Structures are given as C-alpha cells and as structure tokens.
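Student: I have a model open and would like to understand the words used for it. Could we go through them together?

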Amino acid sequence: MPYLALFVAVLVVVAERVIEARYGVFGAAGVILLAVGIKSRNATCSCMGAAVLTVLLIGPGAS
C-alpha cells in the first residue's frame, strides 16, 4: 500500500511539472485549484480551476 501512495504522489508531481512547463504558472494554478476543489468538494474552486485550464487550452487565437 505505501508503494501505491508513493507512486500516485510522484505521478501527480510529474503531471503538475509538465503542465507548468507547457502552460506556465497559470496552468499550475489551474491544476491546483481543480485538485483542491475536487478534494474538498467545493464546486466554485473546481469550476475556477477548470475555467483557467480551458482558457489556456483554447488559447488566444480562438474566436
């Protein structure tokens, strides 16, 4: 069981670093907001995180 928890923790950290490298600080903030919102069952926080990530994925060129 401790190995599974360690593996998941490492996977989360690596995923966060990849998103931060690709989308910058706002991408990391969006992931953190989304994760905290889901963990605490706070709809406002998770919606804000999802909105930030959606805006970053769509990009400025979409109209």
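Student: What makes the space of about 180 Å³ a pocket?

Tutor: Happily! On a 1 Å grid over the protein atoms alone, a pocket is an open set of points with protein on both sides within 12 Å along at least five of seven lines. The largest one holds about 180 Å³, a volume being the space filled by probe spheres set on the points. This is a predicted model, where local features need pLDDT of at least 70, side-chain atom pairs count only at pLDDT 80 or more, and totals for chains, interfaces and linings use all residues. Residues are numbered from 1 along each chain as its sequence is written, and side-chain values use heavy atoms, leaving out hydrogens and water.

Student: Which residues line the largest pocket?

Tutor: Val12, Ala15, Glu16, Ile19, Val31, Ile32 and Ala35 do, lining residues having an atom within 4 Å of a point.

Student: How many helices and strands does the chain have?

Tutor: Two helices and zero strands. The radius of gyration, taken over C-alpha atoms, is 13 Å, well over the 11 Å that the globule rule gives for 63 residues, so the chain is more spread out than a compact globule. That rule is 2.2 Å times the number of residues to the power 0.38. Helices (H or I, at least four residues) and strands (E, at least two) are DSSP runs.

How values were computed:
1 Å grid on protein atoms, 1.4 Å probe; cavity = no way out; pocket = protein on both sides within 12 Å on 5 of 7 lines; lining within 4 Å.
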